[in-house]
Amino acid sequence: MRRDHALLASHIRGFVLFVLFIVGRVPSHAFRLTMYRLARMRIGPRTSVHWRASFFAPWKICIGRNSIIGNDAFLDGRQGLRIGSNVNIGGHVQIFTLGHDPQSPSFGVKGAPVEVKDYVYIGSRVIVLPGVTIGRGAVVGSGAVVTKDVDEFTIVAGVPAVPVGHRNRDIKYT
């Protein structure tokens, strides 16, 4: 009986992801946000999720207020994903919280939550790997692969991402 419930729950989760995939193609911010919230994604006021975004475990994703998630983004909530307020995430960004362990004899998975603090700017086509925290006000240059934590107000770029500068701390926008 327990196995049947687990199988049913797995099918329901898969169906929800399929529905959200379709929802992501609807050209209406209000409709998409409503549907994402119905899927138990926590999304703050005045936040925008652009079209064609896709998700794993949206019920484990929390996005603050006044934030923007760019088109074609992929957000993985399986181990928990917290995105702060006044965050700008560019198009085609991928944030992972879980991946395969190449050292595992069974090719098992490993991962950890990801946190993106307030006022972070992530350029387009960035990849953020499991367990990373991106500090308040940090900037991640386009195309970077973030493999470790980024200090607040630090600008990083490259593969893997390394510090290349510092951001002005006098941030006042919403």
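Okay, one term before we start: a pocket here is an open set of grid points with protein on both sides within 12 Å along at least five of seven lines, and its lining residues have an atom within 4 Å of a point. Keep in mind that what's above is a predicted model.

So, the largest pocket. Its volume is about 170 Å³. Which helix gives the largest share of the lining? That's H1, with five residues. H1 and H2 each supply at least two. If you want to find the spot on the structure, look for Ile12, Arg13, Val16, Val19, Leu20, Met35, Leu38, Ala39, Arg40 and Trp59, which line the pocket.

While we're on helix H1, have a look at Phe21, which lies in that helix. Is Phe21 buried or exposed? Well, somewhere in between: its relative accessibility is 38%, so Phe21 counts as partly exposed. Now jump 72 residues along the chain to Val93: the C-alpha atoms of Phe21 and Val93 are separated by 16 Å.

Right, on to the sheets. As a bit of background, strands of a sheet pair through backbone hydrogen bonds, either parallel or antiparallel.

One open sheet has five strands, in the order S3-S6-S9-S14-S17, and the pairing is parallel. At its edges are strand S3 (54–56) and strand S17 (145–146); each has a single partner strand, so one side of each has no neighbour in the sheet. S3 pairs with strand S6, residues 74–76, in the parallel sense over three bridges. Within that pairing, Phe55 has Leu75 in S6 as its bridge partner.

Another open sheet has seven strands, running S2-S5-S8-S13-S16-S18-S19, and here the pairing is mixed. Its edge strands are S2 and strand S19 (162–166), each pairing on one side only. For a parallel example, take strand S13, residues 121–122, with strand S16, residues 139–140: two bridges join them. For an antiparallel one, strand S18, residues 154–157, pairs with S19 over four bridges. Val156 and Pro163 are bridge partners there. S18 and S19 form a hairpin, with four residues between them, and Gly158 in the turn has a positive phi of about 100°. How many of the five residues in S19 are buried? Zero, so to speak a bare strand: S19 is hardly covered.

Now for the inside. In soluble globular proteins, nonpolar side chains tend to be buried together. Here the largest nonpolar core has 36 residues, and the members touching the most others are Phe55, Leu75, Ile83, Ile122 and Ile134. Helices H1 and H2 each give two or more residues to this core, and so do strands S4, S7 and S12.

You'll recognise Phe55 and Leu75 from the five-strand sheet, where they were bridge partners. Ile122 has a bridge partner as well, Val140 in S16. What else is Ile122 in contact with, leaving aside its neighbours within four places in sequence? Besides Val140, the list has Asn88, Ile89, Gly90, Val93, Val116 and Ile134.

Last stop: Thr47, in the loop between strand S1 (42–43) and strand S2 (48–49). It's a loop residue, but Thr47 counts as buried because its relative accessibility is 5%, and the cut-off for buried is under 20%. The side chain of Thr47 reaches the backbone oxygen of Gly64 at 2.5 Å. Beyond its sequence neighbours within four places, Thr47 is also in contact with residues including Leu33, Ile63 and Arg65.

Methods:
Residues numbered from 1 in each chain as written. Predicted model: local features only at pLDDT ≥ 70, side-chain atom pairs only at ≥ 80, totals over all residues. Heavy atoms only, no water. Core = buried A, V, L, I, M, F, W, Y, C linked by side-chain atoms within 4.5 Å. Buried < 20%, exposed > 50% of the residue type's maximum accessible area, 1.4 Å probe, protein only. Contact = heavy atoms within 4.5 Å. Polar contact = N/O pair within 3.5 Å; in protein donor to acceptor, adjacent residues only side chain to side chain. Pairing = 2+ DSSP bridges. 1 Å grid on protein atoms, 1.4 Å probe; cavity = no way out; pocket = protein on both sides within 12 Å on 5 of 7 lines; lining within 4 Å. Points joined across faces, edges and corners; volume = space filled by probe spheres on them.
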